[in-house]
Amino acid sequence: MENSTFDKKDISENVQKLSSKESRYWQIDFLKVFAMLLVIMDHSTSYDDLLELASPYWQRIAIPLFLIILGFNWSKSMEQHKNKSLRYIYSWNVYFKKKMLRFILPFAIIYLLSIILLIIQKTIPTIPQMYISYYADPMLKIFLFLPVWGPGNWFIPLLFLTILIFPLMHKAFMKQPVMALVGCFLVELLYYLIIFVVRIFWQNRGYVPVGSWNYYNTLTIIRCTPFRAMSAIGLGIWLSIDHNWFSRRNIVIWVLGGLSAVYLFFYTFAGYRSSIFIGDYSMLHFPWSALLVMLALNLFPKGPKGKQNRFIRLLSNSTYHILMVQIFYFSIIYNYLLPLFGDNPIWAHVGGENYKLHYLWYYPVNVIFTFSVGGLWYNLEKKYIWQRMTRIDKNRLDYAKARGWIK
């Protein structure tokens, strides 16, 4: 028999990938774009001003939405492999190849640009030496932090580590969804307890003040892992299995979402802060966002027609690239042009005493720039990388048909 160019097993995997219909939800696309707008708002306005507008209920949900959507989308994409072994799923062609190109390639480009920015900053003495010193610790570089800090940088290692553990999480939910969800909450709770003990240990040695969280030392590493967001990812997987709001199994979303809403009331209006669950990204906050996702999935149409809806899909595809652009963009704004903290922060530069009125131009400008560059970047990458890969897969499909392996 003539030696074939392609391995038959490899052909069948690519055929399955090509023939399977993507389960796409316009509601999820809309939420991704909405969350990205909220991320830009978070980095364009004052946290205290947004808190006066009850931001934990509507603005600080951006990252929780992304985490829940991550669990939802990745679980949907793995449904075709739900009966396959973990060894099969963890293979390069089935799982890692796509994830590497989708997430690591854009980050590598931003990392390279950040190195260039750092070199310029070091070689031109007139450029202010601002936040670079915070990243003297080499462990942060190893752990995928950019050489020049930008807001949202912490989400990158969390995302990449999630890639490693997600097939295990998905497999657990396919076998025992209730136990898997409970396990996600328990793992997150245990993780925060460990962080609490570590913080006290460091504080007693004069490293980290009690009641605060330092982004700029090695302790940051234990903050930027998926274990402190397990409940959000798990809630996303839970909804991917069944998001019907009348389903008995989703009583858990109603109950947890309601309890989270009550907690947010005390967090927002009474100033309550937990000594264990630091910040506003924790299992106390995530269920409220999960409830909003479930409501959106049931209230909004799955596949509306029209140019505007196609535009939402286009922006949704670009959200990761927009995130990369905004990290690098704001690293320049914050570090070299308008400082974020201190006696003369960015808000004073934006508009002085009337800075709130100046958000009317500052925020839209940031949105237009980051969305435009991120969208253009995604489309160039799609044209010169993803479409070429699709053509290669199509050639394999045609070859398989010609050899009579498939009809």
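1. Gly-271 takes a positive phi of about 70 degrees, just after helix α13. Helices here are DSSP runs of H or I with at least four residues, numbered from the N terminus. Phe-266 sits in α13. Not counting residues up to four places away in sequence, Phe-266 touches Gly-271 and Tyr-272. Contact means heavy atoms within 4.5 Å. Phe-266 counts as partly exposed because its relative accessibility is 43%. The classes are buried (under 20% relative accessible area), exposed (over 50%) and partly exposed in between, with a 1.4 Å probe and protein chains only.

2. A word on provenance. This is a predicted model, in which local features need pLDDT of at least 70, side-chain atom pairs count only at pLDDT 80 or more, and totals for chains, interfaces and linings use all residues. Residues are numbered from 1 along each chain as its sequence is written, and side-chain values use heavy atoms, with hydrogens and water left out.

3. Confidence. The protein averages a pLDDT of 82, and 78% of the residues score at least 70. pLDDT is the predictor's confidence in each residue, from 0 to 100. Over residues 1–21 the pLDDT falls below 50; that stretch has 32 contacts in the model beyond near neighbours in sequence. Residues 130–137 also have a pLDDT below 50, with 27 contacts beyond near neighbours in sequence.

4. Back to α13. The helix covers residues 251–269, which is 19 residues. From first C-alpha to last, α13 reaches 27 Å, close to the 27 Å expected at 1.5 Å a residue. The expected span is 1.5 Å times one less than the number of residues. Which residues of α13 are buried? They are Ile-253, Gly-257, Ser-260, Ala-261, Tyr-263, Leu-264, Tyr-267 and Thr-268. Their cover includes α3 (47–51), α4 (55–58), α12 (230–241) and α14 (286–299).

5. Helix α10 spans residues 177–203 and has 27 residues. Its first and last C-alpha atoms are 39 Å apart, close to the 39 Å expected at 1.5 Å a residue. The buried residues of α10 are Ala-180, Leu-181, Cys-184, Phe-185, Glu-188, Tyr-191, Tyr-192, Ile-195 and Arg-199. Charged side chains to check in that list include Glu-188 and Arg-199.

6. Lys-99 lies in helix α7. Buried or exposed? Lys-99 is buried, because its relative accessible area is 12%. Leaving aside neighbours within four places in sequence, Lys-99 is in contact with Trp-74, Ile-104 and Ile-163. Lys-99 and Ile-163 are 64 residues apart in sequence, yet their C-alpha atoms are 7.5 Å apart in space.

7. Leu-112 is also found in α7, which covers residues 92–123. Leu-112 helps make a nonpolar surface patch of about 460 Å², together with Ile-109, Leu-113, Ile-116, Ile-120 and Ile-124. Patch residues have over 30% relative accessible area and no salt bridge; like charges are joined within 9 Å, and nonpolar side chains (Val, Leu, Ile, Met, Phe, Trp, Tyr) within 5 Å. Accessible areas come from the Shrake-Rupley method with a 1.4 Å probe, and for residues only the protein chains shown count as cover.

8. How many salt bridges does a search of the whole structure find? It finds 5. A salt bridge here is a side-chain nitrogen of Lys or Arg within 4 Å of a carboxyl oxygen of Asp or Glu. Side chains of opposite charge can pair when their charged atoms come close.

9. Asp-42 bridges to Arg-60, with the closest N and O atoms 2.9 Å apart. This pair links distant parts of the chain: Asp-42 is in helix α2 (residues 26–42), and Arg-60 is in the loop between α4 and α5 (62–77), 18 residues apart. Both Asp-42 and Arg-60 are buried.

10. Glu-79 and Lys-76 form a salt bridge at 3.6 Å, N to O. Glu-79 counts as partly exposed because its relative accessibility is 33%. Lys-76 is buried, at 15% relative accessible area. Elsewhere, salt bridges with shared partners join Arg-24, Asp-29 and Arg-313 into one network. Within it, Arg-24 and Asp-29 have their closest N and O atoms 3.0 Å apart. Arg-24 is partly exposed at 23% relative accessibility, whereas Asp-29 is buried at 3%.

11. One backbone point remains. Ala-54 has a positive phi of about 60 degrees although it is not a glycine. Ala-54 is found in the loop between α3 and α4. Ala-54 counts as buried because its relative accessibility is 16%.

Methods:
Helix = DSSP H or I, 4+ residues; strand = E, 2+ residues; numbered from the N terminus.
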